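Work through the exercises below with the model open. Try each task before you read its solution.

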Amino acid sequence: MPAPSAAHERDLDWMRRAIDLSKLCPPSEGAYSVGAVIVGSDGTELAYGYSRETDAHIHAEGAALAKLPADDPRLKTATIYSTLEPCSQRRHQVSPCAQLIIAAGLPRVVIAWREPTLFVADCVGVEQLIEAGVTVDELPELAEAAKAANAHLGSGLA
């Protein structure tokens, strides 16, 4: 088995940062605890967010994106690391995270795990992103660590 590339190691490091952020989420019986980090093409952190950081209905990706101007040119070459697949639908009058990412022009998304069917029968965030031309990479080796912040939700996290 070949050694992981330097780029893959950087992805793992940034996802670990997102996982640490997910642990800051106030637990909710009706929502996942997710962390997100936006990283510029130069390898610097541009913004971060976590679920319920500023509002009971804010998701991690939205919290991170809200910290940058919508027209920030760095977004066009940045990567967002999210511990969970960006949502494709919302119960509240807020745009789904997949749509926020597409609208921001982010070219790449890295996730640790796909959204299970606990709250949404068929999340298609990854499919929406890919259809819009966004590159989506998954780090399954960190899925269990990302799920750990959601232990409050019980066994429906498979």
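Four exercises follow, each with a worked solution.

This is a predicted model: local features need pLDDT of at least 70, side-chain atom pairs count only at pLDDT 80 or more, and totals for chains, interfaces and linings use all residues. Residues are numbered from 1 along each chain as its sequence is written, and side-chain values use heavy atoms, with hydrogens and water left out.

**Exercise 1. The hairpin**

Find how strands β1 and β2 run and how many bridges join them.

Solution.
- Start with the terms: strands are DSSP runs of E, at least two residues, and helices are runs of H or I, at least four residues, numbered from the N terminus. Two strands pair if DSSP finds at least two bridges between them.
- Strand β1 covers residues 35-39 and strand β2 residues 45-50. They run antiparallel, joined by 5 bridges.
- Check one position: Ala-36 stands opposite Gly-49 in β2.
- Now the turn: 5 residues lie between the strands, and Gly-43 takes a positive phi near 85°.

**Exercise 2. The cysteines**

Count the disulfides (cysteine sulfur pairs within 2.5 Å) in the whole structure.

Solution.
- The search finds 0 disulfides.
- Take Cys-25: its nearest cysteine sulfur, in Cys-97, is 12 Å away.
- Take Cys-123: the nearest cysteine sulfur, that of Cys-87, is 6.8 Å away.
- Then check accessibility. Buried means under 20% relative accessible area, exposed over 50%, and partly exposed in between (1.4 Å probe, protein chains only).
- Cys-25 is buried at 8%, and Cys-123 is buried at 9%.

**Exercise 3. Salt bridges close in sequence**

Which salt-bridge partner does Arg-74 have, and where do Asp-13 and Arg-16 lie?

Solution.
- Apply the cut-off: a side-chain nitrogen of Lys or Arg within 4 Å of a carboxyl oxygen of Asp or Glu. The count comes to 10 salt bridges.
- Arg-74 pairs with Asp-72, with the closest N and O atoms 2.7 Å apart. Arg-74 is partly exposed at 40%, whereas Asp-72 is buried at 9%.
- Asp-13 and Arg-16 form a salt bridge at 3.1 Å, N to O. Both lie in helix α1 (residues 6-22), 3 residues apart, about one turn of the helix.
- Asp-13 is partly exposed at 48%, as is Arg-16 at 39%.

**Exercise 4. A longer link and a network**

Find the salt-bridge partner of Arg-114, then name the residues linked to Arg-108 in a network.

Solution.
- Arg-114 pairs with Glu-127, and their closest N and O atoms are 3.9 Å apart.
- Arg-114 lies in the loop between β4 (108-111) and α4 (125-131), and Glu-127 lies in helix α4, so the pair ties together parts 13 residues apart in sequence.
- Asp-11 and Asp-137 are linked with Arg-108 in a network of salt bridges.
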